[in-house]
Amino acid sequence: MSSAGYEGTCNPKDIEAAADILTKAKHAIAFTGAGISTESGIPDFRGPQGLWRQYSPEIATIDYFLTHPKDFWLFYRMRMSALFIAKPNRAHMALAELERMGIIKAVITQNVDGLHQAAGSKNVIELHGTMKRAVCLACGRTYPMDVVIRKIDSGQVPPLCDECGGVLKPDTVLFGEPVKDFDRARELALMSDAVLVIGSSLSVYPAAYIPIFVKEMGGKVIIINMEPTELDYIADVIIRCKAGDAMTTLLNEIKSKMGNQ
Ligand code: APR
């Protein structure tokens, strides 16, 4: 991919092709990754400034959490600063509008930042859980993350359960843990005739099966991503530009197509 994708404008032909697919689709869904949230100030994992270029992904495994809970939480506390001030960006807002218009029926996300819900998306499946709360591994009690941050900032690292003293874990899915709601996500994908992939390298399974399920059922795959992804070969349309620009232009193109119908 030429570097133009980083500063470049979105190719109008690709936007038009994507709008054509989405306005004709009977049941289109969105599948999102960390790339949709970088314009909100949250780093992704494998992009040029991705987290896994500075840290080993090993820090996000359940084994590492169980053996090094203190270091794990210090890493997460650093991540949480960006997460807690982040606001939905134009891409999240456009996707929520497409749901209100009936074009997108659901959002299946790998993200844990809650920005889709904050933007107004209603039907959201969080395959990798959420950073908004933590859970006690011993008794299952849950805590809002702002309460947990106060525990950490007052020196309780790892943060502990008030009830039973058990160690708290963010309610996110770590490598080595089963993803959440995968059956529901797969069902949705198998009944969809189009999937709009936004900001994912499509390199982590089982999440990356979602666009594959849509393709296998004869559906169309649209990928919005600044860099090549591992599933570009199954894409019907690839939009190689920033998600905020792509989604804003795509929303306007869909509105004008619907206005002319
Ligand atoms: N617009 C378009 N694409 C973008 C933007 C942007 N503003 N910012 C980043 N990207 C692209 C990057 O080029 C990259 O290819 O988004 C992609 C993000 O890929 P990853 O960082 O691999 O994120 P993701 O696919 O969500 O990772 C999946 O891996 O570490 C685990 O649990 C973590 O859920 C995450 C999973």
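Reader: How many Å separate the centres of domain 1 and domain 2, taken over C-alpha atoms?

Author: Keep in mind that this is a predicted model. The domain assignment gives domain 1 as 1–41 + 89–128 + 179–261, and domain 2 as 43–85 + 132–172. Taken over C-alpha atoms, their centres are separated by 28 Å.

Reader: What area do domain 1 and domain 2 bury between them?

Author: Let's start with who takes part: 14 residues from domain 1 and twelve residues from domain 2 make up the contact. Carbon and sulfur atoms hold 59% of the buried area. The area itself comes to about 960 Å².

Reader: Which side chains meet in a salt bridge?

Author: The count between domain 1 and domain 2 is one salt bridge. For a pair to qualify, a side-chain nitrogen of Lys or Arg has to be within 4 Å of a carboxyl oxygen of Asp or Glu. Here is a pair that fits, at 3.0 Å from N to O: Asp171 and Lys180.

Reader: Which residues are the closest to the centre of the largest pocket?

Author: About 990 Å³ of space lies in that pocket. Its lining has 48 residues, and both domain 1 and domain 2 supply at least three of them. The closest to the centre are Ala34, Gly35, Asp44, Phe45 and Arg46.

Reader: And which helix gives the largest share of the lining of the largest pocket?

Author: By class, the lining has 24 nonpolar, 16 polar and eight charged residues. The largest share is three residues, and they come from the helix at residues 69–85. That is helix H4.

Key:
Residues are numbered from 1 along each chain as its sequence is written. This is a predicted model: local features need pLDDT of at least 70, side-chain atom pairs count only at pLDDT 80 or more; totals for chains, interfaces and linings use all residues. Side-chain values use heavy atoms; hydrogens and water are left out. On a 1 Å grid over the protein atoms alone, a cavity is a set of points where a 1.4 Å probe fits but cannot get out, and a pocket is an open set with protein on both sides within 12 Å along at least five of seven lines; lining residues have an atom within 4 Å of a point. Grid points are joined across faces, edges and corners, and a volume is the space filled by probe spheres set on the points. Helices (H or I, at least four residues) and strands (E, at least two) are DSSP runs, numbered from the N terminus. Ala, Val, Leu, Ile, Met, Phe, Trp, Tyr, Cys and Pro count as nonpolar, Asp, Glu, Lys and Arg as charged, and the others, Gly among them, as polar. Domain bounds come from an automatic or database domain assignment. Contact means heavy atoms within 4.5 Å. Buried area is the accessible area (1.4 Å probe) that two parts lose on being put together, summed over both.
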